Amino acid sequence: MQDWLWATAADLGRGIEAGEIDPVELCEVYLAAIDGHELRDRIYARVTHDRARAEAAAASKRAKAGQRLSPLDGVPVSWKDLFDTAGVATEAGTALMKGRVPDADAEVLRVATGMGLVCLGKTHMTEIAFSGLGLNPVTATPPCVNDADAVPGGSSSGAAASVAFGLAAAGIGSDTGGSVRIPSMWNDLVGLKTTFGRLPLDGSVPLCSEFDTIGPLCRSVEDAALFLAALEGTATSADLTGVSLKGMRFAALQTVVMDEMRDAPLQGYNASLVQLQAAGAEIVPVEVPELTRAFDMSLPLYTADAYANWADLVEAAPEKMYWQILNRVRGGKDVLAHEYLALWKELHDIRNVYASTLAGFDAVLCPGSAIMPPNAERLETDEAYYLSENLLALRNTRVANLMGLASLSLPTGTPSVGLLVNTPPNSEERLLRIGAAIEGALT
């Protein structure tokens, strides 16, 4: 049964379907692993034992009656602590929301529960989700599976740790600038950033209302496809059969994303491109100069949006916040409305140029991150280090957020080094098929 803790969600679902795994027993194995884990309190903010057991019991009855709701019916997952859970605190990693208990589930959690997913609990996260590092001195900093002294990536930090340490079959997180994909990469998982607006944000604590998206952190591309379907309320997921890289044509993005690359992630990325070419893919280096301007204007777009959502709580008790996050969110205080709207108009124009430039490719590739997971202690004591590492951590993932794309992060085989695969908006099914082919070549 301990093997269940490391199985893919898809394999657990197949085991339940075949009658080889009882959802009740599966749930108890996970709860025992969580409760007995020495790092539990750094990964889970709250464990929902009663809810998990009730949902697992219902899944068990359905399985025995041949009435399963989806391929993941009965599979236990964790939820980032910004998704509302009825009767259970949702605090978004900040003392500003301490003791906040919503009356209803977030819409995406309600739908997922309706598809049979079992909620194990709420995972720690970066404060208000406004950093890609995963450091949170206010609540807890989850561990990185590859480096005990490093941060795990954020802001869905506990979500990644819950899977990487065998304490959930998958974690559901949010991605505003890379918050699903960075922790996925640094913990050797698969992370899916969905297109903005594809999954409902109702009942999810916002960071940036124009950039927030939802996605799974999991063990395989197949898992990502199944979770996307479950989060949308359908039992039918992307067809991943018969995938091949032969004849595929990828753009290897050069603009911005190749700057200041550290040796280890660069070597891992280059090695992955060699493997993809060996499997039959054509890879063409491509520049999109307009992206430089998009990055130059991104700071006011993000900070103004964040400050609009958080100003009242922040200014009522700024002393409760970690000062790095406080400074970042306050950066939006002086952005003028006409400047903000003009920047958005310009960004839409750049999105059109990006789409036109890359229209002839199956997908766009780039390194997942320019850096390896930074040292947690140094981040707290060295301001310049914190600022530089946070910007570099989020830089490459942010391409997809700024351009409004669907994006998938994949492990490369080099620990904590990931590959990003980006496709146009609302092309998740195509992205997942390509991802499955790449996963096969890199495994």
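This short talk describes one helix pair and the largest pocket of a predicted model.

In this predicted model, local features need pLDDT of at least 70, side-chain atom pairs count only at pLDDT 80 or more, and totals for chains, interfaces and linings use all residues. Residues are numbered from 1 along each chain as its sequence is written, and side-chain values use heavy atoms, with hydrogens and water left out.

Let me begin with the helices, which are DSSP runs of H or I with at least four residues, numbered from the N terminus. Helix α2, residues 23-35, packs with helix α4, residues 49-64, at an angle of about 160 degrees, and their axes are 8 Å apart; axes here are lines fitted to C-alpha atoms over the stretch in contact, and angles run from 0 to 180 degrees between N-to-C directions. The two helices are therefore roughly antiparallel, a term used for angles over 145 degrees. On the α2 side, the contact (heavy atoms within 4.5 Å) includes Pro23, Val24 and Leu31, and on the α4 side it includes His49, Ala52 and Ser60.

Turning to the largest pocket, about 410 Å³ of space lies in it, where a pocket is an open set of points on a 1 Å grid where a 1.4 Å probe fits, with protein on both sides within 12 Å along at least five of seven lines, and the volume is the space filled by probe spheres set on the points. Its lining, meaning residues with an atom within 4 Å of a point, has 23 residues, and Phe130, Leu299, Arg328, Asn390 and Leu391 lie nearest the centre. Helix α15 (383-395) supplies at least two lining residues, as do α11 (298-316) and α12 (323-330), and the largest share, six residues, comes from α15.

Key. Angles under 35 degrees count as roughly parallel, over 145 as roughly antiparallel, 65 to 115 as roughly perpendicular and the rest as oblique.
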